[in-house]
Amino acid sequence: MGELQKWWAAGVVGLGMLGLAACGQGNSVDGPGQAPAPSPLGSSTNLSADKGSSRNRKIALEIFKEMERKGDANAQLFMALEEYQPDLFEAFLNEMVIGLDNGMSSSSEWIAIGAKIRPMLLKTYYKNFQSASDAHAIGALEHAIETFKFLGNADPEECVRIANGLPPSRVGITSPELQQRETDLMLAIFQAGPDESVTTASVDEVIEWMIPVAMEDPDYSEAFGYMQTPNLTDEQNAIGCNAIIFVFEKMLEEEPARTAALFRGMSAMGSGNP
(Lines give C-alpha, C1' and ligand atoms only; values in the text may rest on other atoms or scores of the structure.)
Protein backbone atom coordinates (compact mmCIF):
# COMPACT_ATOMS: atom_id res chain seq x y z
CA MET A 1 0.00 0.00 0.00
CA GLY A 2 2.90 2.34 0.70
CA GLU A 3 4.20 2.09 -2.87
CA LEU A 4 0.75 2.75 -4.29
CA GLN A 5 0.22 5.78 -2.10
CA LYS A 6 3.68 7.04 -3.00
CA TRP A 7 2.87 6.77 -6.70
CA TRP A 8 -0.50 8.46 -6.33
CA ALA A 9 0.89 11.43 -4.44
CA ALA A 10 3.44 11.93 -7.21
CA GLY A 11 1.19 11.02 -10.09
CA VAL A 12 -1.49 13.63 -9.62
CA VAL A 13 1.07 16.41 -9.86
CA GLY A 14 1.74 15.29 -13.40
CA LEU A 15 -1.84 15.64 -14.54
CA GLY A 16 -1.99 19.36 -15.02
CA MET A 17 0.23 21.73 -16.96
CA LEU A 18 1.31 19.24 -19.62
CA GLY A 19 1.56 21.95 -22.24
CA LEU A 20 3.06 24.77 -20.23
CA ALA A 21 5.18 22.42 -18.15
CA ALA A 22 6.96 21.39 -21.34
CA CYS A 23 8.46 24.87 -21.39
CA GLY A 24 10.37 23.84 -18.30
CA GLN A 25 12.46 21.07 -19.84
CA GLY A 26 14.84 20.59 -22.71
CA ASN A 27 14.79 17.70 -25.16
CA SER A 28 16.72 15.24 -23.01
CA VAL A 29 14.85 12.72 -20.90
CA ASP A 30 15.53 12.74 -17.17
CA GLY A 31 14.91 9.47 -15.40
CA PRO A 32 12.56 9.14 -12.39
CA GLY A 33 13.86 11.13 -9.46
CA GLN A 34 16.54 12.93 -11.45
CA ALA A 35 16.81 16.70 -11.35
CA PRO A 36 16.38 18.73 -14.56
CA ALA A 37 19.39 20.19 -16.30
CA PRO A 38 20.74 23.45 -14.82
CA SER A 39 19.19 26.65 -16.13
CA PRO A 40 21.37 28.66 -18.55
CA LEU A 41 20.24 31.72 -16.59
CA GLY A 42 21.72 30.49 -13.34
CA SER A 43 21.50 27.64 -10.87
CA SER A 44 19.15 29.37 -8.42
CA THR A 45 15.48 28.42 -8.62
CA ASN A 46 14.45 31.71 -7.00
CA LEU A 47 12.93 34.35 -9.22
CA SER A 48 15.15 37.33 -9.91
CA ALA A 49 14.68 40.40 -7.77
CA ASP A 50 16.04 42.87 -10.33
CA LYS A 51 13.73 44.66 -12.73
CA GLY A 52 14.42 44.43 -16.42
CA SER A 53 14.47 47.37 -18.80
CA SER A 54 11.20 48.97 -19.86
CA ARG A 55 12.15 48.52 -23.53
CA ASN A 56 12.58 44.79 -23.21
CA ARG A 57 9.39 44.60 -21.17
CA LYS A 58 7.55 45.93 -24.21
CA ILE A 59 9.39 43.47 -26.45
CA ALA A 60 8.50 40.51 -24.20
CA LEU A 61 4.84 41.53 -24.13
CA GLU A 62 4.76 41.87 -27.91
CA ILE A 63 6.30 38.41 -28.29
CA PHE A 64 3.57 36.86 -26.17
CA LYS A 65 0.80 38.89 -27.79
CA GLU A 66 1.94 37.73 -31.22
CA MET A 67 2.08 34.13 -30.02
CA GLU A 68 -1.39 34.56 -28.55
CA ARG A 69 -2.72 35.89 -31.86
CA LYS A 70 -1.30 32.81 -33.58
CA GLY A 71 -3.21 30.56 -31.19
CA ASP A 72 -0.33 29.42 -28.96
CA ALA A 73 -1.95 27.88 -25.85
CA ASN A 74 0.93 28.77 -23.53
CA ALA A 75 0.81 32.41 -24.59
CA GLN A 76 -2.95 32.47 -24.09
CA LEU A 77 -2.53 31.23 -20.55
CA PHE A 78 0.28 33.68 -19.81
CA MET A 79 -1.67 36.70 -21.03
CA ALA A 80 -4.72 35.63 -19.01
CA LEU A 81 -2.61 35.58 -15.86
CA GLU A 82 -2.35 39.39 -16.06
CA GLU A 83 -6.00 39.62 -15.04
CA TYR A 84 -6.48 36.53 -12.87
CA GLN A 85 -3.05 36.00 -11.28
CA PRO A 86 -1.23 39.35 -11.62
CA ASP A 87 1.61 38.52 -9.21
CA LEU A 88 2.47 35.41 -11.19
CA PHE A 89 2.15 37.32 -14.45
CA GLU A 90 4.64 39.95 -13.25
CA ALA A 91 7.08 37.32 -11.95
CA PHE A 92 7.09 35.48 -15.27
CA LEU A 93 7.30 38.67 -17.34
CA ASN A 94 10.18 39.94 -15.22
CA GLU A 95 12.13 36.74 -15.84
CA MET A 96 11.57 37.16 -19.57
CA VAL A 97 12.72 40.78 -19.48
CA ILE A 98 15.87 40.00 -17.51
CA GLY A 99 16.66 37.25 -19.98
CA LEU A 100 16.34 39.70 -22.87
CA ASP A 101 18.49 42.22 -21.00
CA ASN A 102 21.16 39.50 -20.70
CA GLY A 103 21.10 38.78 -24.41
CA MET A 104 18.91 35.67 -24.27
CA SER A 105 18.35 34.29 -27.76
CA SER A 106 18.41 30.48 -27.79
CA SER A 107 15.36 28.27 -27.30
CA SER A 108 17.08 26.51 -24.39
CA GLU A 109 17.24 29.82 -22.52
CA TRP A 110 13.53 30.42 -23.08
CA ILE A 111 12.86 26.90 -21.84
CA ALA A 112 14.95 27.58 -18.73
CA ILE A 113 12.68 30.48 -17.83
CA GLY A 114 9.71 28.13 -18.00
CA ALA A 115 11.55 25.84 -15.60
CA LYS A 116 11.97 28.65 -13.10
CA ILE A 117 8.33 29.74 -13.19
CA ARG A 118 6.79 26.25 -13.30
CA PRO A 119 6.78 25.62 -9.50
CA MET A 120 4.91 28.87 -8.87
CA LEU A 121 2.44 28.16 -11.64
CA LEU A 122 1.77 24.64 -10.39
CA LYS A 123 1.28 25.87 -6.83
CA THR A 124 -1.19 28.52 -8.00
CA TYR A 125 -3.11 26.07 -10.16
CA TYR A 126 -3.46 23.41 -7.48
CA LYS A 127 -4.52 25.98 -4.90
CA ASN A 128 -7.31 27.10 -7.21
CA PHE A 129 -8.20 23.52 -8.12
CA GLN A 130 -9.10 22.71 -4.52
CA SER A 131 -12.12 25.01 -4.79
CA ALA A 132 -12.93 24.36 -8.45
CA SER A 133 -16.49 23.41 -9.30
CA ASP A 134 -17.49 19.76 -9.71
CA ALA A 135 -17.86 20.34 -13.44
CA HIS A 136 -14.35 21.73 -13.75
CA ALA A 137 -12.87 18.97 -11.59
CA ILE A 138 -14.55 16.28 -13.67
CA GLY A 139 -13.46 18.05 -16.84
CA ALA A 140 -9.87 17.95 -15.59
CA LEU A 141 -10.18 14.23 -14.88
CA GLU A 142 -11.62 13.54 -18.32
CA HIS A 143 -8.77 15.53 -19.84
CA ALA A 144 -6.25 13.50 -17.83
CA ILE A 145 -7.75 10.27 -19.16
CA GLU A 146 -7.61 11.52 -22.75
CA THR A 147 -4.03 12.68 -22.26
CA PHE A 148 -2.82 9.40 -20.82
CA LYS A 149 -4.58 7.46 -23.58
CA PHE A 150 -2.82 9.62 -26.15
CA LEU A 151 0.54 9.07 -24.48
CA GLY A 152 -0.16 5.37 -24.06
CA ASN A 153 -0.44 5.07 -27.84
CA ALA A 154 2.32 7.52 -28.72
CA ASP A 155 4.90 7.10 -25.96
CA PRO A 156 4.16 4.87 -22.93
CA GLU A 157 7.51 5.80 -21.37
CA GLU A 158 6.47 9.46 -21.38
CA CYS A 159 3.10 8.45 -19.94
CA VAL A 160 4.79 6.85 -16.92
CA ARG A 161 7.17 9.78 -16.62
CA ILE A 162 4.21 12.16 -16.26
CA ALA A 163 2.56 9.80 -13.78
CA ASN A 164 5.72 9.95 -11.68
CA GLY A 165 5.21 13.69 -11.27
CA LEU A 166 8.00 14.72 -13.65
CA PRO A 167 7.54 17.46 -16.25
CA PRO A 168 7.38 16.42 -19.91
CA SER A 169 10.75 15.52 -21.38
CA ARG A 170 10.25 17.70 -24.45
CA VAL A 171 7.94 20.26 -25.97
CA GLY A 172 4.88 19.00 -27.82
CA ILE A 173 4.34 15.58 -26.27
CA THR A 174 0.57 15.82 -26.78
CA SER A 175 -1.61 17.02 -29.63
CA PRO A 176 -2.41 20.72 -30.14
CA GLU A 177 -6.04 19.89 -29.36
CA LEU A 178 -5.17 18.38 -25.97
CA GLN A 179 -2.86 21.26 -25.12
CA GLN A 180 -5.58 23.77 -26.04
CA ARG A 181 -8.15 21.95 -23.92
CA GLU A 182 -5.77 21.95 -20.98
CA THR A 183 -5.25 25.69 -21.31
CA ASP A 184 -9.00 26.26 -21.59
CA LEU A 185 -9.60 24.23 -18.42
CA MET A 186 -6.98 26.10 -16.44
CA LEU A 187 -8.29 29.46 -17.60
CA ALA A 188 -11.85 28.44 -16.74
CA ILE A 189 -10.77 27.49 -13.21
CA PHE A 190 -8.89 30.77 -12.74
CA GLN A 191 -11.79 32.80 -14.15
CA ALA A 192 -14.54 31.08 -12.18
CA GLY A 193 -12.98 31.64 -8.79
CA PRO A 194 -13.70 29.43 -5.74
CA ASP A 195 -16.87 27.39 -5.39
CA GLU A 196 -17.49 27.34 -1.65
CA SER A 197 -20.02 24.50 -1.89
CA VAL A 198 -17.58 21.80 -3.03
CA THR A 199 -15.96 19.13 -0.87
CA THR A 200 -12.56 17.45 -0.97
CA ALA A 201 -11.94 13.84 -0.01
CA SER A 202 -9.47 13.32 2.84
CA VAL A 203 -6.29 11.32 2.42
CA ASP A 204 -7.89 8.38 4.22
CA GLU A 205 -10.93 8.52 1.95
CA VAL A 206 -8.77 8.61 -1.15
CA ILE A 207 -6.68 5.64 -0.02
CA GLU A 208 -9.76 3.69 1.07
CA TRP A 209 -11.24 4.12 -2.40
CA MET A 210 -7.99 3.71 -4.30
CA ILE A 211 -6.58 0.46 -2.92
CA PRO A 212 -9.37 -1.97 -3.88
CA VAL A 213 -9.76 -0.39 -7.31
CA ALA A 214 -6.07 -0.66 -8.07
CA MET A 215 -6.03 -4.26 -6.88
CA GLU A 216 -8.77 -5.39 -9.27
CA ASP A 217 -6.18 -6.35 -11.88
CA PRO A 218 -2.99 -8.13 -10.67
CA ASP A 219 -0.89 -6.68 -13.49
CA TYR A 220 -2.02 -3.17 -12.66
CA SER A 221 -1.52 -3.52 -8.92
CA GLU A 222 2.01 -4.77 -9.60
CA ALA A 223 2.64 -1.84 -11.92
CA PHE A 224 1.95 0.70 -9.17
CA GLY A 225 4.79 -0.86 -7.23
CA TYR A 226 7.43 -0.55 -9.93
CA MET A 227 6.49 2.56 -11.91
CA GLN A 228 9.02 4.75 -10.09
CA THR A 229 11.81 2.30 -10.89
CA PRO A 230 14.24 3.53 -13.59
CA ASN A 231 14.83 1.71 -16.87
CA LEU A 232 11.45 0.03 -17.21
CA THR A 233 10.85 -2.23 -20.19
CA ASP A 234 8.47 -1.20 -22.97
CA GLU A 235 5.97 -3.73 -21.65
CA GLN A 236 6.17 -2.36 -18.10
CA ASN A 237 5.66 1.19 -19.34
CA ALA A 238 2.61 0.11 -21.34
CA ILE A 239 1.09 -1.75 -18.38
CA GLY A 240 1.79 1.16 -16.06
CA CYS A 241 0.12 3.63 -18.38
CA ASN A 242 -2.93 1.39 -18.76
CA ALA A 243 -3.10 1.04 -14.97
CA ILE A 244 -3.35 4.81 -14.59
CA ILE A 245 -6.12 5.01 -17.17
CA PHE A 246 -7.98 2.13 -15.52
CA VAL A 247 -8.03 3.82 -12.11
CA PHE A 248 -9.09 7.18 -13.51
CA GLU A 249 -11.90 5.64 -15.53
CA LYS A 250 -13.12 3.84 -12.42
CA MET A 251 -13.16 7.16 -10.60
CA LEU A 252 -15.24 8.66 -13.37
CA GLU A 253 -17.88 5.96 -12.79
CA GLU A 254 -18.66 7.33 -9.32
CA GLU A 255 -21.45 9.84 -8.70
CA PRO A 256 -20.30 13.24 -10.06
CA ALA A 257 -19.89 14.91 -6.67
CA ARG A 258 -17.97 11.88 -5.39
CA THR A 259 -15.74 11.84 -8.48
CA ALA A 260 -14.91 15.51 -8.08
CA ALA A 261 -14.22 15.18 -4.34
CA LEU A 262 -11.87 12.24 -4.92
CA PHE A 263 -9.99 14.01 -7.67
CA ARG A 264 -9.58 17.13 -5.54
CA GLY A 265 -8.30 14.95 -2.72
CA MET A 266 -5.77 13.27 -5.00
CA SER A 267 -4.69 16.64 -6.29
CA ALA A 268 -4.11 17.84 -2.73
CA MET A 269 -2.01 14.74 -2.02
CA GLY A 270 0.02 15.27 -5.16
CA SER A 271 0.65 18.94 -4.50
CA GLY A 272 1.79 18.28 -0.95
CA ASN A 273 -1.24 19.87 0.71
CA PRO A 274 -3.50 16.99 1.85
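The exercises below, each with a worked solution, concern a predicted model of a protein.

**Exercise 1. Overall architecture**

Determine how many helices and strands the protein has, and what share of its residues is buried.

Solution. Begin with the secondary structure: the protein has 13 helices and 0 strands, and reading along the sequence accordingly gives the pattern α-α-α-α-α-α-α-α-α-α-α-α-α. Next, turn to burial, where 50% of the 274 residues in the protein are classed as buried. Finally, consider the contacts between residues with a separation of 6 or more, of which 80% come from residues 24 or more positions apart.

**Exercise 2. The disulfide**

Identify which cysteines are joined by a disulfide, and explain what parts of the chain the pair ties together.

Solution. The cut-off needed here is that a pair of cysteine sulfur atoms counts as a disulfide when the two are within 2.5 Å. Cys159 and Cys241 satisfy this, with an S to S distance of 2.1 Å, and the count for the model comes to 1 disulfide. The next step is to locate the two partners: Cys159 belongs to helix H8 (residues 156-163) and Cys241 to helix H12 (residues 234-252), so the link ties together parts that are 82 residues apart in sequence. As to geometry, the link of Cys159 and Cys241 is right-handed, with 85 degrees about the S-S bond. In terms of accessibility, both Cys159 and Cys241 are buried.

**Exercise 3. The two sides of helix H3**

Check the length of helix H3 (residues 54-69) against the expected span, and then work out where its buried residues lie around the axis.

Solution. At 1.5 Å a residue, the 16 residues of H3 should span 22 Å, and the end C-alpha atoms of the helix are 23 Å apart, which agrees. The buried residues of H3 are Asn56, Ala60, Leu61 and Phe64. Because these residues cover an arc of only 145 degrees around the axis, they are on the same side of H3. The face turned away from this buried side carries the exposed residues Ser54, Arg55, Lys58 and Arg69. To see what lies over the buried residues of H3, look at the cover, which includes helix H4 (73-84) and helix H5 (86-101). After H3 comes Gly71, whose phi is positive, near 90 degrees.

**Exercise 4. Helix H10, Trp209 and the nonpolar core**

Establish which residues have the most contacts inside the largest nonpolar core, and then list what Trp209 is in contact with beyond its neighbours in sequence.

Solution. The largest nonpolar core has 68 residues, and those with the most contacts inside it are Tyr125, Phe129, Phe148, Trp209, Phe248 and Met251. The helix that gives the most to this core is H5, with 8 residues. As general background, nonpolar side chains in soluble globular proteins tend to be buried together. Now follow Trp209, which is among the buried residues of H10, together with Val206, Ile207, Met210, Ile211, Val213 and Ala214. The span of H10 (residues 203-214) can be checked as well: its 12 residues should cover 16 Å at 1.5 Å a residue, and its end C-alpha atoms are 16 Å apart, which agrees. Leaving aside neighbours within four places in sequence, the contacts of Trp209 are Val247, Lys250, Met251, Glu254, Arg258, Leu262 and Met266.

**Exercise 5. Helix H11, its cap and its contacts with H12**

Find which residue caps the N-terminal end of H11, and then determine which residues Ala223 and Ala243 touch.

Solution. The cap is Asp217, a side-chain oxygen of which lies 2.8 Å from the backbone nitrogen of Asp219. Within H11 (residues 218-226), the residues Tyr220, Ala223, Phe224 and Tyr226 are buried, and for Ala223 the relative accessible area is 0%. Not counting residues up to four places away in sequence, Ala223 touches Ile239, Gly240 and Ala243; the C-alpha atoms of Ala223 and Ile239, which are 16 residues apart along the chain, are separated by 6.6 Å. Now take the reverse view from Ala243, which lies in helix H12 and is likewise buried, with a relative accessible area of 0%. With residues up to four places away again set aside, Ala243 touches Tyr220, Ala223 and Phe224. The last step concerns the loop between H11 and H12, where Asn231 is found. Asn231 has a positive phi of about 60 degrees although it is not a glycine, and at 77% relative accessibility Asn231 counts as exposed.

How values were computed
Residues are numbered from 1 along each chain as its sequence is written. This is a predicted model: local features need pLDDT of at least 70, side-chain atom pairs count only at pLDDT 80 or more; totals for chains, interfaces and linings use all residues. Side-chain values use heavy atoms; hydrogens and water are left out. Helices (H or I, at least four residues) and strands (E, at least two) are DSSP runs, numbered from the N terminus. Buried means under 20% relative accessible area, exposed over 50%, partly exposed in between (1.4 Å probe, protein chains only). The expected span of a helix is 1.5 Å times one less than its number of residues. The arc is that of the directions from the helix axis to the C-beta atoms. Contact means heavy atoms within 4.5 Å. A nonpolar core is a set of buried Ala, Val, Leu, Ile, Met, Phe, Trp, Tyr and Cys residues joined through side-chain atoms within 4.5 Å. A polar contact is a pair of N or O atoms within 3.5 Å; within protein, one must be able to donate a hydrogen and the other to accept it, and residues adjacent in sequence count only if both atoms are side-chain atoms.
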